[in-house]
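Consider how the parts of a protein model meet one another. The paragraphs below follow two such meetings in turn, beginning with the terms needed to describe them.

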Protein chains: 2
Amino acid sequence: HCASSASGTGAMEAGIINFLSAGDRVLVGCNGKFGDRWAQLSAAFGLEVEKISAEWGQPLDPEQFREKLVGDTEKQIKAVIVTHSETSTGVLNDLETINRYVKDHGEALIIVDAVTSLGAVNLPIDSWGIDVVASGSQKGYMIPPGLGFVCVSPKAWEAYKTAKLPRFYFDLAAYRKTAAKNTNPFTPPVNLVIALQTALRMMKAEGLDSIFARHQRLMNATREAIKALSLPLFAPDQAASPAITAVAPVSVESEQIRSVMKKHFDIILAGGQDHLKGKIFRIGHLGFVSDRDILAAIGALEASLRELGYESMTPGAGIAAAARVFAQS
Amino acid sequence: HCASSASGTGAMEAGIINFLSAGDRVLVGCNGKFGDRWAQLSAAFGLEVEKISAEWGQPLDPEQFREKLVGDTEKQIKAVIVTHSETSTGVLNDLETINRYVKDHGEALIIVDAVTSLGAVNLPIDSWGIDVVASGSQKGYMIPPGLGFVCVSPKAWEAYKTAKLPRFYFDLAAYRKTAAKNTNPFTPPVNLVIALQTALRMMKAEGLDSIFARHQRLMNATREAIKALSLPLFAPDQAASPAITAVAPVSVESEQIRSVMKKHFDIILAGGQDHLKGKIFRIGHLGFVSDRDILAAIGALEASLRELGYESMTPGAGIAAAARVFAQS
């Protein structure tokens, strides 16, 4: 494990450039802002990028990865880059299945953006044999942004030896070497390291299974509430991220909802990115979030919808649906 | 100005890779750990590095830069990389003179590591025409580490257009573009951004001239105290950094002094790096440091020396010397 002063994007850059060389062929799963970002990043470093795309809001199709990987009899695919939880759309990709196909291929590394999945959903890195996992401090780890993590498998360290992309600040071997001496190659964000210690103690006390169950419960309560308010969910139930829920309202403006929520209730909902700007709003339920927070958000959402003249709901239906989920889990 | 989630090393990497291409010839001033680091970094990115070296503890000789630059009639030198305040040795390099020779050359960019000089000593970036200045949050800006800054001249932005080194997380054009919209390309360390706002207000209230005078006073008091205790200063007076003072004790062990200072007085003195390990200790007086802090450090140093059986001093001489400086300035 290597930790650096960087955002999640910095951690992913480290996770990619340490194990590849210019011209290497990589498959990149693209079904949202972050998948697209890793394709751009890979191209910026001269990798030969092949996108496996799905519509934003839909999950990646593992079958498309399988076909490419099975067809690659000359083992030219050096890495498969997948965003586990696509924060821009609230979609959880089927990493387990995609990873199985990568393992069948045998040569390619699997590099995972786990920024909003690690600490929210089960990601058994070692037993699945994930080669590179990148994440950041401000999501499942509940502390401010600025600390990026990268977890590296023995197979990826082997690839490191021949990988030629230039690197210095993000040269993970330097972090590995100094970590063994309990120090860092470059000044770390010390306040975040200390905060992380507290966060990890909290996570240990709660227990991973309970943490995952809590995120599942928060997601279910949010989704049931949104359905009860007759608002369309952007991602399908079977590919819903336990980190964030995207909503695509039709008879009321997304940006107006965000504005009222912020002004009257001091609650910030994320908007859509790129072509989804103005079309969706997103409710985060990742990390330091409790049942109470969801009830506050849904309650404020109901009040905001009412203020905006939204008529397709029974007042209180959202809270009732969320409370039902909490009572059952 | 671009700000990123990174340490000072990350900021320097950004300051170098955005404006150069593999194979470009660069002169790198090397008279300490950080100068050496920029030479390593430049080599890691495939630049053709020519070191201008001086012994650690001595300043770079501007004349050596002049000779190389004057001799470069074909204008092959693309950049001159200089560490303004060499933190590892407490030496302040003569940036003004070196920069004048770079300006006479006309083509080369000057790229400056100002991590421990910005906010401590006058660095008139625009009037001197410095092309790239990199710094970090945890030094002159008085806040925790994790926010790196890069300041870029119009000439450097011109060079950006043809610079081919691969970059994504540190692609400064992305920061420039989003800064114009008051946002960031990637998640910034928000807590540090808010802290910086407070720090900048404090700096505005104190005034740059007063800040520089304070650092000068802290440096003078520290150096006079060290001399009064008959301990050898590592850097000469005429090249002393207002950020940090390195001391090279002879009849008493540097590491023992550091250990007693930490154990009995809860004061952390930095040690030597690389081949200076165990040979020097360093007293930082950069950023949020007052006259009182220097008196506390010198007082504790005297007490530690006494405990270690050091006999070449008159007890109280260090404090007396520091107090004399404070009374005069």
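Buried area is the accessible area, found with a 1.4 Å probe, that two parts lose on being put together, summed over both. The model is predicted, so local features need pLDDT of at least 70 and side-chain atom pairs count only at pLDDT 80 or more, whereas totals for chains, interfaces and linings use all residues. Residues are numbered from 1 along each chain as its sequence is written, chains are lettered from A and ligands numbered from 1 in the order in which they are written, and side-chain values use heavy atoms, with hydrogens and water left out.

Within chain A there are two domains to consider: domain 1 (2–199) and domain 2 (207–328), with bounds that come from an automatic or database domain assignment. Their C-alpha centres lie 29 Å apart. In the contact (heavy atoms within 4.5 Å), domain 1 of chain A takes part with 21 residues and domain 2 of chain A with 22 residues. The area buried between these domains is about 1,800 Å², and carbon and sulfur atoms give 66% of it. On the side of domain 1, Trp56(A), Gly90(A) and Ala120(A) lose the most area, together 28% of what that side buries.

Which charged interaction joins the two domains? A salt bridge is a side-chain nitrogen of Lys or Arg within 4 Å of a carboxyl oxygen of Asp or Glu, and 1 is found across this domain interface. Asp274(A) forms a salt bridge with Lys33(A), where the closest N and O atoms are 3.2 Å apart.

The second meeting is between chain A and chain B. Each of these chains gives 28 residues to the contact. Together they bury about 2,200 Å², with 67% of it on carbon and sulfur atoms. Pro145(A), Phe168(A) and Tyr169(A) supply 27% of the area that chain A buries against chain B, more than any other three residues. Between chain A and chain B the count of salt bridges is 0.

Helix H1 (8–17), H2 and helix H8 (190–206) of chain A each supply at least two residues of the side that touches chain B; helices are DSSP runs (H or I, at least four residues), numbered from the N terminus. The largest share of that side, 4 residues, comes from H2(A). The residues of this side divide into 16 nonpolar, 9 polar and 3 charged, where Ala, Val, Leu, Ile, Met, Phe, Trp, Tyr, Cys and Pro count as nonpolar, Asp, Glu, Lys and Arg as charged, and the others, Gly among them, as polar.
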